Protein chains: 2
Amino acid sequence: MDHKRCRMTNQRKVILEELRKFGGHPTVDELYVRVREKLPDISISTVYRNLEVLSECGLIGKLEPERTQKQFDANPKIHFHIRCTNCGRLDDIPSSIMNEVEEAIQKAQTLVNKMTGYDMKGYHLEFLGLCPKCKESMKKRGRSTDERKGENGGQKD
Amino acid sequence: MDHKRCRMTNQRKVILEELRKFGGHPTVDELYVRVREKLPDISISTVYRNLEVLSECGLIGKLEPERTQKQFDANPKIHFHIRCTNCGRLDDIPSSIMNEVEEAIQKAQTLVNKMTGYDMKGYHLEFLGLCPKCKESMKKRGRSTDERKGENGGQKD
DNA sequence: TTTCGTGCAAACATTTTGCATACTC
DNA sequence: GAGTATGCAAAATGTTTGCACGAAA
């Protein structure tokens, strides 16, 4: 829990307040609209920068797309994937080994429906880790290469 | 399995072949580079259009980002989410009900590592479904509203 | 008084669209 | 020959960056 510290500017304070008031999981421009009611001259880039900073400081949570580009795949059957958090490489996971996980998710479904009021239809499950090559090159270099993203590997608190 | 049929143009044939040769999960421009070696005048928009069509025809698989925009959240603790495939609304799932799922995933980890050669570090799990409001309005209208995306709800074949 | 944050405009990356021409069935 | 698909250029979208000015520690 060694979080970056950050200067509390007025913009930051307002962004944080509005996010708390918002309650849900707004996108940047949803929040931008609200914040502008308080600070009409704030710039969208300030909102972007500050949400980023606030999440680095551990004050807020960030949900970023785990993949920004579409990807295609010669095999039209749906299967599970594992993605390298270092280089972005994506591999398939043989679905034979995922039976228990699928069962557990299926069992959870009723509870999820009850607790959220949703009618659950499916899920997205993607594993994250270091691919064999990156594992190798990290071992050699003793640690850290580009490490592009890969915060929040899915581990809960 | 009522898939759209599609005209087999030369561009489509080449895109399909190159995707099959590629083997992995290329992005559009990775594939574009390969296809251009065969068809130097092909346009990137043709590649986009055709990958889309080929996946509608069930000939290839598509992995699209489950979320294209970043989202933020006043609560910095990591938790599970459920997203409405109709309106995009996102809600939290109480993590207390996810224990079994987490355990199953943890158990699967060793096997995943063995089969893929990765060093698995975490995962992304997001549930998909219809939120209470959309459920309601679908009941009224008898079916189908905008239904923005939500193909491949995570259900395997 | 230095370091850091801001607003603005411009750049960026990915994807989509409008349109005239060309190709498939 | 009707209905699609193509290439091109331009737009749309979401996000990042460079820079000169301004504010916080």
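**View 1. Backbone of A:K70 at a phosphate of DNA strand C, in a predicted model.** A backbone N or O atom of A:K70 sits 2.8 Å from a phosphate oxygen of DNA strand C. That is a polar contact (a pair of N or O atoms within 3.5 Å; within protein, one must be able to donate a hydrogen and the other to accept it, and residues adjacent in sequence count only if both atoms are side-chain atoms). Another phosphate contact comes from A:N50, with a polar side-chain atom 3.1 Å from a phosphate oxygen of the strand. A:Q11 reaches a sugar or linking oxygen instead: an N or O atom of the A:Q11 side chain is 2.8 Å away.

Residues are numbered from 1 along each chain as its sequence is written, and chains are lettered from A and ligands numbered from 1 in the order in which they are written. In this predicted model local features need pLDDT of at least 70, side-chain atom pairs count only at pLDDT 80 or more, and totals for chains, interfaces and linings use all residues, while side-chain values use heavy atoms, leaving out hydrogens and water.

**View 2. The protein surface near DNA strand C.** DNA strand C is surrounded by 20 residues (near: a heavy atom within 4 Å). Among the closest are A:R12, A:T46 and B:Y48. Of the strand atoms that come within 4 Å of the protein, 73% belong to sugar and phosphate. Helices α1 (10–22) and α3 (44–56) of chain A and α3 (44–56) of chain B each supply at least two residues (helices: DSSP runs of H or I, at least four residues; strands: E, at least two; numbered from the N terminus). α3(A) gives the most, four residues.

**View 3. The interface of chain B and chain A.** Each chain puts 79 residues into the contact (heavy atoms within 4.5 Å). About 7800 Å² is buried (accessible area, 1.4 Å probe, lost on being put together, summed over both parts). Carbon and sulfur atoms give 62% of that area. In chain B, the residues losing the most area to chain A are B:H25, B:F72 and B:Y118, together 12% of what that side buries.

**View 4. Salt bridge between B:K107 and A:E100.** The closest N and O atoms of this pair are 3.3 Å apart. Four salt bridges cross the interface (a side-chain nitrogen of Lys or Arg within 4 Å of a carboxyl oxygen of Asp or Glu). Strand β5 (residues 119–130) of chain B gives the most to that chain's side, with twelve residues.

**View 5. Strand pairing between the chains.** β1 (residues 61–63) of chain A runs antiparallel to β2 (residues 71–73) of chain B, over three bridges (pairing: at least two DSSP bridges). A:G61 has B:D73 as its bridge partner.

Key. Buried area is the accessible area (1.4 Å probe) that two parts lose on being put together, summed over both.
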